[in-house]
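Thanks for sharing this one with me. I have put my reading into a few numbered points, to be followed with the structure open beside them.

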Amino acid sequence: MAEAHAPYHAHIYYEAASRPLAETMRCVLSDRMAAGELAPLRFVGSLRDGQAGPHPLPQFEIHFTADGLTVVREIIRASGLTALIHPLTDDDLADHTRLAEWIGTPLALELGTLDPPGRNKGVARFGLSDA
C-alpha cells in the first residue's frame, strides 16, 4: 500500500457532558465523508458509550488514510475532544503506544486487550467496521 494511502484510526473520546459534542462531530464527519468532502475518510463508527477494547472512556472511531492526517488532526483539535490517532499496522500494541499521537490529555489504555503482533484484527476491518 502506498504511504499516502496507509490506513489510520482515530479514537475520539467523550464523557457524559461532552457526548452531545461528540455526536455532532460524528454526524458532521459522516456527512462530509458521504458528500466526498473528506476523501481520505473511509469510515465513521458509532458512539460507544462504554469501554471498548483498550479504550477506557466512551469513544467513536474513524478510519482514514495517511493523506488525511493533517485535516483529521485539525478537526479533532478544533473540537476540544481528546483523541488517539494511530497508524494501522500488524502490531496493535505499537499502534496504540509508540506509534500513536494524542490530542488532549493521554489516557491509560488497557493494553492487555490488544491483538498479538502479526494478528491485528483492525487491519481486516479497516473502512468496514468498528467492531
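The points below go from the sheet to the helices and then to the salt bridges.

1. A word on the source before anything else: this is a predicted model, and the comments that follow should be taken in that spirit.

2. The sheet is a good place to begin. It is open, with 5 strands in the order 2-3-1-4-5 and antiparallel pairing. At its edges are strand 2 (41–44) and strand 5 (101–103), each of which pairs on one side only. On average, neighbouring strands are turned by 20 degrees against each other, direction ignored.

3. If you would like to look at one edge in detail, try strand 5. Its antiparallel pairing with strand 4 (residues 83–87) runs over 3 bridges. Ala83 has Ile103 of strand 5 as its bridge partner.

4. Now for the helices that lie on these strands. Helix 1 (residues 19–34) lies across strand 1 (7–13), strand 2 and strand 3 (59–65), and runs at about 140 degrees to strand 2. Helix 2 (residues 69–79) lies across strand 1, strand 3, strand 4 and strand 5, with an angle of about 30 degrees to strand 5.

5. Turning to charged side chains, the model has 8 salt bridges. One of them joins Asp49 to Arg19, at 2.9 Å from N to O. Asp49 belongs to the loop between strand 2 and strand 3 while Arg19 sits in helix 1, so this pair ties together parts that are 30 residues apart in sequence. Both ends are partly exposed: Asp49 has a relative accessibility of 47%, and Arg19 has a relative accessible area of 30%.

6. The same loop offers a second pair worth a look. The side chains of Arg48 and Asp130 form a salt bridge of 2.8 Å, N to O. This pair links distant parts of the chain, 82 residues apart: Arg48 is in the loop between strand 2 and strand 3, and Asp130 is in the segment after helix 4 (121–124). Are the two ends buried or partly exposed? Arg48, at 29% relative accessibility, is partly exposed, whereas Asp130 counts as buried because its value of 16% is under the 20% cut-off.

7. Two more items complete my list. Arg32 and Glu37 meet in a salt bridge at 3.3 Å, N to O; Arg32 is partly exposed at 28% relative accessibility, and Glu37 is exposed at 52%. Finally, a network of salt bridges links Arg73, Arg77 and Glu101.

Conventions. Residues numbered from 1 in each chain as written. Predicted model: local features only at pLDDT ≥ 70, side-chain atom pairs only at ≥ 80, totals over all residues. Heavy atoms only, no water. Pairing = 2+ DSSP bridges. Helix = DSSP H or I, 4+ residues; strand = E, 2+ residues; numbered from the N terminus. Axes fitted to C-alpha atoms, helices over the stretch in contact; angles between N-to-C directions. Contact = heavy atoms within 4.5 Å. Salt bridge = Lys/Arg side-chain N within 4 Å of Asp/Glu carboxyl O. Buried < 20%, exposed > 50% of the residue type's maximum accessible area, 1.4 Å probe, protein only.
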